Amino acid sequence: MDLPIQFPSDTNVILEDVARFSALSPEDRVRAYRSFLRSCARIQQISPMSAWAMRYAEEQEILAQQNIREFLARHEH
């Protein structure tokens, strides 16, 4: 289908975001990170799946630790 408008590719959108972020001062970058983290915390608070997501994250962390221990045990000399 030939649409009369052009949408930017995902790659171009990401590159523009990276350029915009890279142009920020260090202070503005920290502000952006903090804003992002506040948004994440707010989403977590209001999500009906918050408890499940927390349990899942904890389970994934435990699995990652087990995998690392097993990897180290296999490859230790």
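These legends walk through several views of one predicted model.

Local features here rest on residues with pLDDT of at least 70, side-chain atom pairs count only at pLDDT 80 or more, and totals for chains, interfaces and linings use all residues. Residues are numbered from 1 along each chain as its sequence is written, and side-chain values use heavy atoms, with hydrogens and water left out.

**View 1. The whole chain, an α-α-α run.** Going along the sequence, you meet the pattern α-α-α, and the tally is 3 helices and 0 strands. The radius of gyration is 20 Å, well over the 11 Å that the globule rule gives for 77 residues, so the chain is more spread out than a compact globule. (Helices are DSSP runs of H or I with at least four residues, strands are runs of E with at least two, and both are numbered from the N terminus; the radius of gyration is taken over C-alpha atoms, and the globule rule is 2.2 Å times the number of residues to the power 0.38.) The C-alpha trace spans about 60 × 40 × 35 Å along its principal axes.

**View 2. The surface of the chain.** Just 1% of the 77 residues are buried. Here buried means under 20% relative accessible area, exposed means over 50%, and partly exposed is in between, using a 1.4 Å probe and protein chains only. The accessible surface adds up to about 7,500 Å², and carbon and sulfur atoms own 61% of that. These areas come from the Shrake-Rupley method with a 1.4 Å probe; for residues, only the protein chains shown count as cover. As for charge, the mean positions of the 9 positive and 11 negative charges sit 8 Å apart. Lys and Arg count as positive, Asp and Glu as negative, while His and the chain ends are not counted; each charge is placed at NZ of Lys, CZ of Arg, CG of Asp or CD of Glu.

**View 3. The D17 and R20 pair in α1.** A search of the whole structure turns up 2 salt bridges, meaning a side-chain nitrogen of Lys or Arg within 4 Å of a carboxyl oxygen of Asp or Glu. One of them joins D17 and R20, at 2.4 Å from N to O. Both residues lie in helix α1, 3 residues apart, or about one turn of the helix. D17 is partly exposed at 38% relative accessible area, while R20 counts as exposed at 51%.

**View 4. The R31 and D28 pair in α2.** R31 makes a salt bridge with D28, with the closest N and O atoms 2.3 Å apart. The two sit 3 residues apart in helix α2 (residues 26–46), so about one helical turn separates them. R31 is exposed at 52%, and D28 is partly exposed at 32%.

**View 5. A nonpolar patch at L3, I5 and F7.** Together, L3, I5 and F7 make a nonpolar surface patch of about 330 Å². Patch residues have over 30% relative accessible area and no salt bridge; like charges are joined within 9 Å, and nonpolar side chains (Val, Leu, Ile, Met, Phe, Trp, Tyr) within 5 Å. L3 belongs to the segment before α1 (10–22) and is partly exposed at 41%.

**View 6. L37 in α2.** L37 is part of helix α2 and is exposed, with a relative accessible area of 55%. Its C-alpha atom is 38 Å from that of P4, which is 33 residues away along the chain.
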